[in-house]
Every structure is written in C-alpha cells, then in structure tokens.
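Work through the exercises below with the sequence and the structure open beside you. Each task is followed by a solution that goes step by step.

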Amino acid sequence: MSSRRVVAVTKDAEVQKLIRQTARELFVADDLNEALDIVETANPDLIILDHRFSPIHVRELLNTTDKNSMNVPVVVVGNDESDTDLSTEFIQMGAYDYLRGKKDYGRLEQIVSQIKNEANAATCERDTGNFFADDYAASACMVGRSKAILNTLKTIKLVAASRCNPILIVGETGTGKELAAKAIHTLRHPDERFVAVNCAALTANLLESELFGHVKGSFTGADREKTGLLELAGSGTLFLDEISEMPLDLQAKLLRVLQEKTFRKVGGIKDIACSTTIIASSNRNLSREVQANRFRRDIYYRLSTYPVTIAPLRAPERREDIQLLAKYFLKTSTISPEKVNKITSLTKLSIEALEKHDWPGNVRELRNVIDRAILLETTDKIGLSSIVIAPTGWGELSGNPGSGPIKDFSLAKAERELICRALQETDWQKTRAAGLLGISRATLYAKVEQYNIRKRSYDAKEVQNEDSSHALSQPVATP
Ligand SMILES: Nc1ncnc2c1ncn2[C@@H]1O[C@H](COP(=O)(O)OP(=O)(O)OP(=O)(O)O)[C@@H](O)[C@H]1O
Ligand SMILES: [Mg+2]
C-alpha cells in the first residue's frame with residue numbers, strides 16, 4: 001500500500017498511537033477547521049475524529065469536503081464509555097466506519113486497507129485502456145481479453161449473482177485467485193467487509209481462534225475476549241486462502257458453519273449466527289486431497305458446486321493475455337515512478353520472449369519480470385536485454401538435499417536443507433512437514449519464506465510468494 005496519509009483530529013495520545021501503527025504520514029489537527037486546511041493541501045486517504053465529535057460534526061465536515069470535491073472518508077474512534085448505538089448514527093451521517101473504543105482498535109488496519117483498495121479500484125476504472133474485457137473487469141482491475149479469462153469472468157458473475165455459498169476458486173499459484181475473490185465480493189456486497197486469512201500461515205490453534213474468536217480465559221493467554229474473523233466479516237466475505245492446508249479437526253468445525261450457519265467462539269457456549277459468504281481458494285487438487293484423506297469429502301462437495309477456475313498463463317487459451325498484462329504492469333508499476341513515465345512500450349522482440357516463456361509463477365511472476373525490466377531499462381522502450389526471466393532452478397529447491405559431502409557448515413544452510421527434505425518427504429504437506437521437524441506450521445511457513453524455498457515442479461503447489469516484488473533481493477541472472 002503506497003501512501004496512507006491520515007489526518008487525525010484528536011488530542012488523545014492513545015488514539016494517536018493507534019493511528020501511527022497504520023499511517024505512513026499522520027497530520028494532527030486541533031479542530032475541524034484546521035483539519036480542512038490540512039485536507040486541502042495534504043490530499044489524505046482518511047480523516048479520523050475522536051469521541052469528542054458528534055454525528056452532526058461528521059455531516060458538517062463531509063458537506064464541506066464534498067462541496068470542494070475532496071472525497072475523503074471519515075472514521076470515528078469512540079471511547080469505551082461511548083454509547084454503542086452511536087455507530088448507526090455516525091454511519092447514517094456519512095461516516096465510513098465507527099470504532100467503539102479500544103475493543104475495536106484492531107479493526108482500524110482493516111478499514112484503512114479497504115479504503116485504499118476502493119481508491120485503487122476507482123483509479124483503475126478511470127484508466128481502462130484496452131486491458132479489460134468489460135467495465136466489470138475494469139472495476140476489479142482484472143486484466144485479460146482471452147477466451148479463458150472471459151470464461152472465468154462469466155463464472156465469477158454467475159456465482160456472485162447467485163446465493164452460492166461457499167465458493168471455491170482454483171488455479172495455480174499467482175493466477176489471480178485473490179483478485180477473483182475480491183471481484184466476487186464486490187459484485188455481491190460491495191459495502192460489506194472483505195476479510196482474508198491464509199490457512200497455511202497459522203498453527204491449528206491460532207487459526208481456530210482467529211476464525212471463530214475466543215472467550216476470555218478459554219486458554220492460557222486469552223486474557224480478553226476476541227472477535228473472530230467470521231464475526232468481523234459479518235454479512236461480507238471471509239476469504240480462506242489455501243484451504244487445503246486447514247487441519248482436519250478445524251475442517252469439521254468449518255463444516256458446522258457451512259451447514260448450520262452458526263459457530264461458537266473457542267471456549268464459548270453461545271451459538272453465533274453467521275451470514276458470511278465464504279470463499280476458499282486452493283492451488284492443490286482438492287479431489288486428490290480427499291482421496292488421500294487430507295481433506296474432508298463433505299466440505300469438498302459443498303465447495304465444488306460451481307468452482308471458479310483460472311487458467312495458467314501458459315495455457316493456449318490464455319497466452320494472448322501475456323502481452324496485455326505486460327503492458328498493463330508497465331503502465332501501472334510503482335517500482336520506479338520516474339522511470340515508468342519515461343518508458344512507454346516494449347519492443348517486439350521482448351514481447352515475443354515473454355510470450356514464449358511458460359510462466360510457472362503465472363501473473364505474479366510476469367509482474368515481477370516487468371518490474372525488474374523497468375529498473376534495468378535505460379531507453380524509452382523495454383528491450384530484450386532488460387527482460388530477465390528467472391531460469392529454472394533459480395531460488396527453487398535444488399539438488400538432492402542431504403546427500404553428498406558437506407561443504408558448508410553454516411547452521412542456516414543445514415536448517416534450510418532439513419526443511420527442504422521434510423517438505424519433499426511429505427509432498428509439501430506443511431502440517432506434516434512441521435510435525436517431522438518438530439516446529440509449528442507458522443514457524444515452518446516463516447522459514448520457507450526466509451530461505452526462499454520453492455518447489456521445483458509447479459504442477460501441484462507452490463509456497464506463496466509475497467505480492468510485493470522481492471525478486472530484486474535475489475541475484476539477477478544474465479539473460
Ligand atoms: N488478471 C489480472 N490482471 C491484473 N493483475 C493480476 C491478474 N491476475 C493476477 N494479478 C496480479 O498478480 C498478483 C497475484 O495475484 P493473486 O494474489 O490474486 O494470485 P493467487 O492466485 O491468489 O496466488 P497464490 O496462489 O500465490 O496465492 C497480484 O498482484 C494480482 O493483482
Ligand atoms: Mg493468493
């Protein structure tokens with residue numbers, strides 16, 4: 001996320017501290033007039049008011065900003081003593097959201113992300129070019145005009161308009177599953193929350209309390225009640241990324257949510273009603289996971305009513321999108337703003353090179369290659385010599401770990417090799433690999449990222465790569 005400028009009208013040190021955790025730049029104003037002056041010059045993403053302000057203040061502030069075409073959302077942070085009903089009044093007066101004091105502080109980060117996403121979508125819409133199949137694809141920033149992407153878009157619209165719940169999105173790594181999930185969400189209930197959780201990134205216990213929340217005292221360390229992501233998503237969307245990694249006992253609890261539309265907090269006895277749309281994604285073949293008894297058949301059947309599938313870039317019916325995507329990333333890259341304006345196109349040869357590659361990391365890999373090319377290019381056109389495609393084996397799990405004489409005695413290297421070995425032995429089942437290594441899944445996941453361990457073949461599953469292109473932290477190969 002790029003800027004995150006926040007104007008805060010508050011003297012409350014706690015609230016300022018909270019905002020500093022999410023804002024890149026914070027401007028503190030003493031009163032609304034000062035805030036308006038700052039808004040005019042600083043072009044912020046968000047205005048935050050504290051509990052001293054009333055719903056009427058919000059309306060007045062928004063009247064003034066609207067009149068001056070300064071479209072800035074306002075969030076109000078109440079204090080613990082505030083009347084909880086104020087929430088509706090503030091929102092009726094146009095506030096973007098209302099935090100009911102400290103218990104709600106955790107939501108600010110999510111609200112800010114949501115605001116930024118909406119702003120990005122709006123910019124994208126203004127600048128459609130020929131990248132998108134239709135207005136809807138443009139508002140979702142989903143580039144592509146190939147037959148394959150048209151089919152995917154058709155399915156997205158179909159499931160979004162239906163009551164299909166849960167929804168499954170399948171596709172190789174980097175094909176745009178999360179983007180598709182957001183697109184479905186925006187079509188179905190644009191004003192609700194989109195909450196994402198990666199099932200592979202947390203230990204079973206953490207994932208459970210993250211999803212369902214917990215009551216105070218339900219386990220050591222649960223010193224206060226926690227609202228789970230399901231509750232947080234409300235009537236919006238919960239995106240369960242990498243669902244195949246969800247432990248079996250938790251899958252049983254998820255099934256209950258899908259069947260009964262209710263859930264309980266960890267340690268709780270009250271059934272909480274749930275109207276959330278659940279979207280799951282997987283880059284593993286789930287039916288094979290069912291056969292191997294690693295994934296519940298009943299959940300699989302529920303998920304596969306009408307799956308949204310996204311074709312890999314190398315598929316013949318998707319290849320034509322490579323050129324479009326490359327041009328789109330060239331136009332929208334944020335890696336070097338000064339250069340992006342100077343570089344206007346790609347040479348014919350470089351486009352041919354891109355079209356020839358198989359893109360095991362799909363759209364994400366292509367975006368990284370374009371970012372790298374922008375940095376390398378010195379003329380106004382991206383030439384072949386700036387297109388550096390990672391050769392196979394680069395950053396992947398290579399060799400036969402654990403065999404041969406030891407040349408390097410560093411602990412880090414030994415640790416990396418052991419992890420590689422455990423992953424190979426378990427066919428990249430992270431829960432089992434973590435078990436073999438005697439570490440938690442969260443630790444394993446962190447180490448896989450730290451050592452940049454990647455699977456050699458991409459036909460099954462690859463460890464997620466962070467979106468922000470960190471390709472440059474790796475050695476740049478000569479083309
Ligand atoms: N059709 C598209 N148009 C524009 N950008 C895209 C498209 N598809 C994917 N991207 C971009 O590629 C990157 C990867 O997409 P995304 O995270 O949705 O993939 P994913 O399938 O969820 O990957 P993973 O399996 O690794 O989680 C993101 O930056 C996303 O914005
Ligand atoms: Mg993803």
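A residue is called buried here if its relative accessible area is under 20%, and exposed if that area is over 50%. The model is a predicted one, and the exercises should be read with that in mind.

**Exercise 1. Determine which residues of helix α17 are buried, and which elements they pack against.**

Step 1. Begin with the length of the helix: α17 covers residues 362–376, and its 15 residues should span 21 Å at 1.5 Å a residue, which agrees with the 21 Å between its end C-alpha atoms.

Step 2. Apply the cut-off for burial, which gives Asn362, Val363, Arg364, Glu365, Leu366, Asn368, Val369, Ile370, Asp371, Arg372, Ala373 and Ile374 as the buried residues of α17. The helix is therefore mostly covered, with 12 of its 15 residues buried under the 20% limit.

Step 3. Look for the surroundings of these residues: they pack against the helices α14 (321–332), α15 (337–342) and α16 (348–356), and also against the strands β15 (345–346) and β16 (381–382).

**Exercise 2. Find out where the buried residues of helix α11 lie around its axis.**

Step 1. Helix α11 runs over residues 248–260, and its 13 residues reach 18 Å from the first C-alpha to the last, close to the 18 Å expected at 1.5 Å a residue.

Step 2. Its buried residues are Leu250, Gln251, Leu254, Leu255, Val257 and Leu258. They cover an arc of only 160° around the axis, which puts them on the same side of α11.

Step 3. The partners of this buried set are α9 (204–212), α10 (229–233), β10, β11 (262–263), β13 and α13 (297–303). Just after the helix, Lys261 takes a positive phi of about 60°.

**Exercise 3. Establish the strand order of the sheet that contains β7, and say why β7 and β14 are its edges.**

Step 1. The sheet is open and consists of 5 strands with parallel pairing, in the order β7-β10-β13-β6-β14.

Step 2. Because β7 (194–198) and β14 (308–310) each have a single partner strand, one side of each is left without a neighbour in the sheet. On average, neighbouring strands are turned by 20° against each other, direction ignored.

Step 3. Follow one pairing in detail: β7 and β10 (residues 237–241) run parallel and are joined by 5 bridges, and Val195 stands opposite Leu238 in β10.

Step 4. Add the helix α8 (residues 177–188), which packs on this sheet and touches β6 (167–171), β7, β10, β13 (277–282) and β14, its direction making about 150° with that of β6.

**Exercise 4. Place Gln16 in its helix and sheet, and decide whether Gln16 is buried or exposed.**

Step 1. Gln16 lies in helix α1, which spans residues 13–22 and lies across β1 (5–9), β2, β3 (46–49), β4 and β5, running at about 155° to β2.

Step 2. Those strands form an open sheet with parallel pairing, in the order β2-β1-β3-β4-β5, and its edge strands are β2 (25–29) and β5 (97–99).

Step 3. Gln16 has a relative accessibility of 16% and therefore counts as buried.

Step 4. Leaving out residues up to four places away in sequence, Gln16 touches Thr10, Lys11, Leu26 and Val28. The C-alpha atoms of Gln16 and Val28 are 8.2 Å apart, although the two residues are 12 apart in sequence.

Step 5. Finally, a polar atom of the Gln16 side chain lies 2.9 Å from the backbone oxygen of Thr10.

Methods: Residues are numbered from 1 along each chain as its sequence is written. Chains are lettered from A and ligands numbered from 1 in the order in which they are written. This is a predicted model: local features need pLDDT of at least 70, side-chain atom pairs count only at pLDDT 80 or more; totals for chains, interfaces and linings use all residues. Side-chain values use heavy atoms; hydrogens and water are left out. Two strands pair if DSSP finds at least two bridges between them. Helices (H or I, at least four residues) and strands (E, at least two) are DSSP runs, numbered from the N terminus. Contact means heavy atoms within 4.5 Å. Axes are lines fitted to C-alpha atoms, for helices over the stretch in contact, and angles run from 0 to 180 degrees between N-to-C directions. The expected span of a helix is 1.5 Å times one less than its number of residues. Buried means under 20% relative accessible area, exposed over 50%, partly exposed in between (1.4 Å probe, protein chains only). The arc is that of the directions from the helix axis to the C-beta atoms. A polar contact is a pair of N or O atoms within 3.5 Å; within protein, one must be able to donate a hydrogen and the other to accept it, and residues adjacent in sequence count only if both atoms are side-chain atoms.
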